Amino acid sequence: MADVHFVEGSAELLDKVGLLWKKLNIHHQTISTHFRDSMALMTFEQRKASWQSRTETG
């Protein structure tokens with residue numbers, strides 16, 4: 001079994017989860033009946049921008 005490491009940080013670490021987010025998004029597209037289309041249209045870059053704006057505005 002692989003070791004699990006938890007890392008804390010801020011926006012500079014978002015790119016490290018990009019590939020994981022993309023794969024999880026594809027998985028959810030295959031099982032979702034309600035959000036499939038919106039998930040297909042959302043890119044990681046758009047989602048990242050959304051997360052970053054939330055950190056700036058609180």
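This is a short tour of a predicted model, moving from one helix to its surroundings and then to a pocket.

**First stop: helix 1**

Begin by selecting residues 18-31, which make up helix 1, a run of 14 residues that reaches 20 Å from its first C-alpha to its last, close to the 20 Å expected at 1.5 Å a residue. Next, within that selection, colour Gly-18, Trp-21 and Asn-25, which are the buried residues of helix 1. They lie on the same side of helix 1, because they cover an arc of only 55° around the axis. If you then show helix 2 (36-41) and helix 3 (44-57) as well, you will have on screen the two elements against which the buried residues of helix 1 pack.

Now turn the view to the face of helix 1 that points away from its buried side, and select the exposed residues carried there, namely Leu-19, Leu-20, Lys-23, Ile-26, Thr-30 and Ile-31.

**Second stop: two residues of helix 1**

Return to Asn-25, which is found in helix 1, and show its side chain. Asn-25 counts as buried because its relative accessibility is 10%, under the 20% that sets the limit for buried residues. To see what surrounds Asn-25, add Met-39 and Met-42, with which it is in contact once its neighbours within four places in sequence are left aside.

Then pick His-28, which also lies in helix 1. With a relative accessibility of 28%, His-28 counts as partly exposed, and a distance drawn from its C-alpha atom to that of Ala-40, 12 residues away along the chain, should come to 9.5 Å.

**Third stop: helix 3 and the segment before helix 1**

Move on to Lys-48, whose place is in helix 3. Is this lysine, Lys-48, buried or exposed? At 18% relative accessibility, Lys-48 counts as buried, and, not counting residues up to four places away in sequence, it touches Leu-14 and Asp-15. For a view across the model, draw a line from the C-alpha of Lys-48 to the C-alpha of Ala-2, since these two residues are 46 residues apart in sequence and 27 Å apart in space.

From there, select Glu-12, which is found in the segment before helix 1 and is exposed, with a relative accessible area of 57%. Although Glu-12 and Gln-52 are 40 residues apart in sequence, their C-alpha atoms are 9.7 Å apart in space.

**Last stop: the largest pocket**

To finish, select His-5, Phe-6, Val-7, Leu-13, Lys-16 and Val-17, the residues that line the largest pocket. The space that they border has a volume of about 170 Å³. Colouring this lining by class will show 4 nonpolar residues, 1 polar residue and 1 charged residue.

Notes. Residues numbered from 1 in each chain as written. Predicted model: local features only at pLDDT ≥ 70, side-chain atom pairs only at ≥ 80, totals over all residues. Heavy atoms only, no water. 1 Å grid on protein atoms, 1.4 Å probe; cavity = no way out; pocket = protein on both sides within 12 Å on 5 of 7 lines; lining within 4 Å. Points joined across faces, edges and corners; volume = space filled by probe spheres on them. Nonpolar A, V, L, I, M, F, W, Y, C, P; charged D, E, K, R; others polar. Helix = DSSP H or I, 4+ residues; strand = E, 2+ residues; numbered from the N terminus. Expected span 1.5 Å × (residues − 1). Buried < 20%, exposed > 50% of the residue type's maximum accessible area, 1.4 Å probe, protein only. Arc of directions from axis to C-beta. Contact = heavy atoms within 4.5 Å.
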